Amino acid sequence: MIRFLLLLFCFAAVASASAQDDRPNFLVIAIDDLNGYVGCLDGHPNASTPNIDRLAKEGVLFTRAYCNSPVCNPSRASLWTGLRPTTTGIDSNPSGWFRDRPGFEEIVTIPQCLANAGYSTDGYGKLFHLGRGDSSIGEWQRFNTYNYGPRQNPKLNYPDGDRITDWGIPDGDDERAASYDPIVADRVIAALQDTHDRPLFLGCGFFRPHTPLYAAQKWFDQHPLEGVQLPPGYREGDTDDLVYFGKRERREQDIEAPGLFTQDWAEESGNWKPLLQAYLASTSSMDHKLGRVLNAFDKSPLKKNTYIILFSDHGWHLGEKRHWGKAALWEQTTRVPFIIAGPGIPKGVRFDQPVDLLNIYPTVLDYAGIDAPHELEGHSLRPVLEDPKTDWPHPVLITFVDHHALRTDRWRYIRYASGEEELYDHRTDPNEFENLAVTKANDEEIVAALKSLRQSMNQLLPSTAKN
């Protein structure tokens, strides 16, 4: 009898291990500071991203995807914990490491949750925000991080600011002189080619097009300066109807990087197009590294049972609304590339309703068959991925410091800590040229829309943040 029970136990253990081995793998690709300047998103006429476009043809492209905060630290803290910046208090880059916040010391992140469920979790490159010592490394079982360099001393082109505020060609065609992304790709490819006795959660974090906007000569040559066009979202006088971020000096906490490029300098120095060229070149360089990873994935035994999730942590301005960089709540700063592909997901589908990165955590758990370790504030995208005609009723809340934006299918509503507001109708104004909260403040439809949007925003905010 005892022998029979032992045999039964062993059989159950083997069956359980076999069932675990059948669970899907995940390849999560995070890109730093990439806006809508992507071929399949039609964000800029000079954009060249054949490998992002290639992946979009293999799955569902979310054409209106948004970060939950327009700077690195809170965006990444939010998507990896499944909690809004208004919940964790991580609402800007100087906010610190989320585990230093009371009540969040033991919060379970996505890689931790999957590791606890028997997954192997490998992460390479920028996945959590850097500058936290070894903290972000400890979120993974195997991890290698790098930084934004190699940095040039002296800088190549920009005379002021931090050493990462620069652009140019460091050393001809030497890819590794321009970025650590080739090494990140190498490590991810090695992980794809390795044998795994457990399901794999693999993170790939590319640094470009984050500054410094360095790339090899061939990527600059792909975007000849004489052919570079100014941003389609730029219009002279666009800031005339802005309020807090357009009419007066910002508070110190509202400035993400004081040494960043400025529109006045870009115009007066004649460097606007060279900067655009550098951003496009950095993006094309990153896209090439992505192509290497995708080629390795296509030859990997993991291919048949792996979901790929690609996203950028937030957008970036290159002169739209006379703004440079991130740290604002407009479309250009918050819209991101977001693609999910894998078994059972339809190919070449575009989903046009607004979604956000907060939904990554519950979506991964849904496909992995794992219960959430804490209450998540996003929603699984699986219903949409299985039937892209599904209605998605969840508005997107975006937070920067104590300012907030709400993105619905039609509207972008922004409310600043001062109480001032902006409202844009994306049915007629996709570039957000007209702030209807100022230009049509007495229009009955606009008054009604503002009232409804205020209520919707307040439902998503903690009581301390409501106006």
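Helices and strands here are DSSP runs, numbered from the N terminus. With those labels we can find our way around this model, which is a predicted one. A good place to try them out is K321, found in the loop between β10 (317-318) and β11 (324-325).

K321 has a backbone surprise for us. Most residues other than glycine have a negative phi, and most peptide bonds are trans. K321, however, has a positive phi of about 55° although it is not a glycine. At 8% relative accessibility K321 counts as buried, because buried means under 20%. Its side chain has a partner too: the charged end of K321 sits over the ring of W330, 5.7 Å from the ring centre.

E432 is another residue other than glycine with a positive phi, in this case near 60°. Look for E432 in the loop between β19 (421-425) and α15 (436-439). With a relative accessible area of 1%, E432 is buried.

While we are on the backbone, let us turn to peptide bonds. The bond from N153 to P154 is cis, with omega near 5°, and P154 lies in the loop between β5 and β6. The bond from R208 to P209 is also cis, with omega near 15°. P209 has its place in the loop between β7 and β8 (213-214).

Now to the aromatic rings. A pair of aromatic rings is described by the distance of the centres and the angle of the planes. Counting rings whose centres lie within 6.5 Å, the model has 27 aromatic pairs. Take F62 and F338: their ring centres are 4.9 Å apart and their planes stand at 25°, so this pair is stacked. The pair links distant parts of the chain, since F62 is in strand β2 (residues 60-62) and F338 in strand β13 (residues 338-341), 276 residues apart. F62 is buried, with a relative accessible area of 0%, and F338 is buried with a relative accessible area of 0% as well.

W80 and W140 show another arrangement. Their ring centres are 5.7 Å apart and their planes are at 85°, so the pair is edge-to-face. W80 lies in helix α3 (residues 72-81) and W140 in the loop between β4 (120-125) and β5 (142-144), so the pair ties together parts that are 60 residues apart in sequence. W80 counts as buried at 1% relative accessibility, and W140 is buried at 6%. Both rings belong to a cluster linked by ring pairs, whose members include F26, W97, Y119 and Y367.

W80 leads us to its helix, α3. How many residues of α3 are buried? The count is 10 of its 10 residues, so the helix is mostly covered. What covers those buried residues includes the strands β1 (25-31), β7 (200-206) and β9 (306-312), along with the helices α4 (85-88), α5 (110-116) and α13 (360-368). Just after α3, G82 takes a positive phi of about 75°.

Next, see how two helices pack. Two packed helices are described by the angle between their axes and the distance between the axes. For α7 (residues 181-193) and α11 (residues 272-298), the axes come within 9 Å and cross at roughly 10°. The two helices are therefore roughly parallel to each other. Among the residues making the contact are V188, I189 and L192 of α7 and M286, V293 and F297 of α11. By class, the contact has nine nonpolar, no polar and four charged residues.

Helix α11 also holds S285, a buried residue with a relative accessible area of 7%. Leaving aside neighbours within four places in sequence, S285 is in contact with E175, A215 and W219.

We can finish with two loop residues. L156 is found in the loop between β5 and β6 (167-168) and counts as partly exposed at 32% relative accessibility. The C-alpha atoms of L156 and P212 are separated by 9.9 Å, with their positions 56 residues apart along the chain. P373 is found in the loop between α13 and α14 (382-386), and P373 is partly exposed, with a relative accessible area of 37%. Leaving aside neighbours within four places in sequence, P373 is in contact with V108, C113, Y361 and L365.

Note on methods. Residues are numbered from 1 along each chain as its sequence is written. This is a predicted model: local features need pLDDT of at least 70, side-chain atom pairs count only at pLDDT 80 or more; totals for chains, interfaces and linings use all residues. Side-chain values use heavy atoms; hydrogens and water are left out. Rings of Phe, Tyr and Trp (its six-membered ring) pair if their centres lie within 6.5 Å; planes under 30 degrees apart count as stacked, over 60 as edge-to-face and the rest as tilted. Helices (H or I, at least four residues) and strands (E, at least two) are DSSP runs, numbered from the N terminus. Buried means under 20% relative accessible area, exposed over 50%, partly exposed in between (1.4 Å probe, protein chains only). A charge sits over a ring if NZ of Lys or CZ of Arg is within 6 Å of the ring centre and within 35 degrees of the ring normal. Axes are lines fitted to C-alpha atoms, for helices over the stretch in contact, and angles run from 0 to 180 degrees between N-to-C directions. Angles under 35 degrees count as roughly parallel, over 145 as roughly antiparallel, 65 to 115 as roughly perpendicular and the rest as oblique. Contact means heavy atoms within 4.5 Å. Ala, Val, Leu, Ile, Met, Phe, Trp, Tyr, Cys and Pro count as nonpolar, Asp, Glu, Lys and Arg as charged, and the others, Gly among them, as polar.
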